[in-house]
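I opened my notebook to look up a few things in this structure, and I write down each one as I go.

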Amino acid sequence: MQNEDDHKEKRRQPAALRQKREDRLKAELRANLAKRKLQARARRQGAEDARPGALMSGDDGDAG
């Protein structure tokens, strides 16, 4: 029943709002895909993780 209600609600939305939402979701998906591609390339090249607090692959000499 919930799916039917959701479907009916989508039909009630004006076409402009529906299109705007779809465009926004498509843009978010493209951005996410691009980010994941960059991450995969960085892993293949052995680049360090640039996020704050991430583990670095290099040896600082601090350990031990």
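**Helix α2 and its salt bridge**

I looked up the length of α2 and found that its 31 residues, at 1.5 Å a residue, should span 45 Å (1.5 Å times one less than the number of residues), and its end C-alpha atoms are 45 Å apart, which agrees. I note that this is a predicted model, where local features need pLDDT of at least 70 and side-chain atom pairs pLDDT 80 or more, while totals for chains, interfaces and linings use all residues. Residues are numbered from 1 along each chain as its sequence is written, and side-chain values use heavy atoms, without hydrogens and water.

I then checked the secondary structure, and the protein chain has two helices and zero strands (DSSP runs, H or I of at least four residues for helices, E of at least two for strands, numbered from the N terminus). After α2 comes Gly46, with a positive phi near 75°.

Next I searched the whole structure for salt bridges (a side-chain nitrogen of Lys or Arg within 4 Å of a carboxyl oxygen of Asp or Glu), and one turned up. Arg24 pairs with Glu28 in this way, with the closest N and O atoms 3.5 Å apart. Both lie in α2 (residues 15-45), four residues apart, so about one helical turn separates them.
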